[in-house]
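Visitor: I would like to learn how the words used for a structure are justified. Could you take me through the reasoning, one term at a time?

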Amino acid sequence: MSSRSIGLNERLGEYLFSVAVRDSDVLQRLRQETAKEKAARMQISPEQGAFMAVLVKAIGARRCVEVGVFTGYSSLVVAQALPADGRLIACDINEQWTSVARRYWQEAGVAHKIDLRLAPAIETLDGVLRQGGAGTFDFAFIDADKANYDAYYERVLKLLRPGGIVTIDNVLWGGSVADPTKSDPDVDAIRALNSKLRHDDRIDVSMLPVGDGLTVARKRE
Ligand code: SAM
Ligand code: CA
C-alpha cells in the first residue's frame, strides 16, 4: 500500500519494460533507429505508448489528432490501435524526422490511416476547426513545443466530442515544475497549464507520473 506513486529505479524500470511492453517488431526497430538521433529522448516511453493504445481502444476512438510527431512512434501506436476506418491527423513541422515516421507507418501498414500535416500545428488545428471539425474527434495527444501547449489544448478541446480524451505529455517536465528556482518559457507554460486544468470545469482530469508526466483529461458532456 502506498499513498504515493512509486519511483522507478533502473531495475524496476527494466522489470516494467520486461512484463508490460509488447512492442511489435516495427515499433522495436523504430525505437532502435530513433535512438541514434540526438533528440531521441523526445520519443515517448513504450509503457506510455501501451497505455495510450489501451485508452484509444477503450473509448472506441475513430478520429484522432496528434500534435508533435517526431519519428512517429506515438502516431504509430495510436494508428495501430484504431479500427480499419480510423484516422489520425498528425501535426509536425519537421520534414526530416517525419520522413522516418512515414517509412515506419508504411512498413506497419497504417500509412493510409495517418494524415500528416507539415505546418505549425496551430494553423493546422485552426484549419480543421474552420472546416467544421469541432466536436468530431475522439482522442488527442499533445506533445510539441511547450510554449504553445495552452493554444493546442484550447483548440483540441473544441475538436473533441463530449466524452473525448486529450492526453498531454511532459507535464512534470523532469521535475522542474516543482522547483521554484526554475523559470523559462517551457516550464512556465507547463506550470500554467497544469494549474489551469486543475480548475477547468470543462473536463475531468487525471495527471499520471508515467514517462515525464502525462495528463489525461475527458471532455465533459
Ligand atoms: N510524440 C513524439 C514521439 O513520441 O515520438 C515526440 C514529439 S517531439 C517531443 C515534438 C515534436 O513537435 C517535434 O517533432 C517537433 O518538430 C514538433 N514541433 C515543434 N514545434 C511545432 C509546431 N509549432 N507545430 C507542429 N509541430 C511542432
Ligand atoms: Ca514528449
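Visitor: Why is F70 called buried?
Guide: Please keep in mind that this is a predicted model. F70 has a relative accessible area of 7%, and buried means under 20%, so F70 falls under that cut-off and is called buried.

Visitor: What makes W97 count as partly exposed?
Guide: The relative accessibility of W97 is 23%, and partly exposed covers the values between under 20%, which is buried, and over 50%, which is exposed; W97 therefore counts as partly exposed.

Visitor: Why is the pair of F70 and W97 called edge-to-face?
Guide: A pair of aromatic rings is described by the distance of the centres and the angle of the planes. For F70 and W97 the centres are 4.9 Å apart, with 85° between the planes; because rings pair when their centres lie within 6.5 Å, and planes over 60 degrees apart count as edge-to-face, both conditions are met. By this rule the count comes to one aromatic pair.

Visitor: Which parts does this pair tie together?
Guide: F70 lies in the loop between β1 and α4, whereas W97 is in helix α5, so the pair ties together parts that are 27 residues apart in sequence.

Visitor: How do you know that the span of helix α3 agrees with what is expected?
Guide: Helix α3 has 13 residues, from 46 to 58, and at 1.5 Å a residue it should span 18 Å; the expected span is 1.5 Å times one less than the number of residues. The end C-alpha atoms of α3 are 18 Å apart, which agrees. Among the buried residues of α3 are P46, M52 and V56, and what covers the buried residues of this helix includes α1, α2 and β7.

Visitor: What makes R63 a charge over a ring?
Guide: The charged end of R63 sits over the ring of F137, 4.3 Å from its centre, and the distance part of the rule asks for CZ of Arg within 6 Å of the ring centre. R31 likewise lies over the face of Y73, at 4.5 Å from the ring centre.

Visitor: Which residues coordinate the calcium ion (ligand 2)?
Guide: The calcium ion (ligand 2) is coordinated by D143, D169 and N170, at 2.2 to 2.9 Å, and because donors of Ca are counted within 3.2 Å, these distances fit the rule. Both D143 and N170 are buried.

Note on methods:
Residues are numbered from 1 along each chain as its sequence is written. Chains are lettered from A and ligands numbered from 1 in the order in which they are written. This is a predicted model: local features need pLDDT of at least 70, side-chain atom pairs count only at pLDDT 80 or more; totals for chains, interfaces and linings use all residues. Side-chain values use heavy atoms; hydrogens and water are left out. Donors are N, O and S atoms within 2.8 Å of the metal (3.2 Å for Na, K and Ca); water is not among the atoms, so sites may look incomplete. Buried means under 20% relative accessible area, exposed over 50%, partly exposed in between (1.4 Å probe, protein chains only). Helices (H or I, at least four residues) and strands (E, at least two) are DSSP runs, numbered from the N terminus. Contact means heavy atoms within 4.5 Å. Rings of Phe, Tyr and Trp (its six-membered ring) pair if their centres lie within 6.5 Å; planes under 30 degrees apart count as stacked, over 60 as edge-to-face and the rest as tilted. A charge sits over a ring if NZ of Lys or CZ of Arg is within 6 Å of the ring centre and within 35 degrees of the ring normal.
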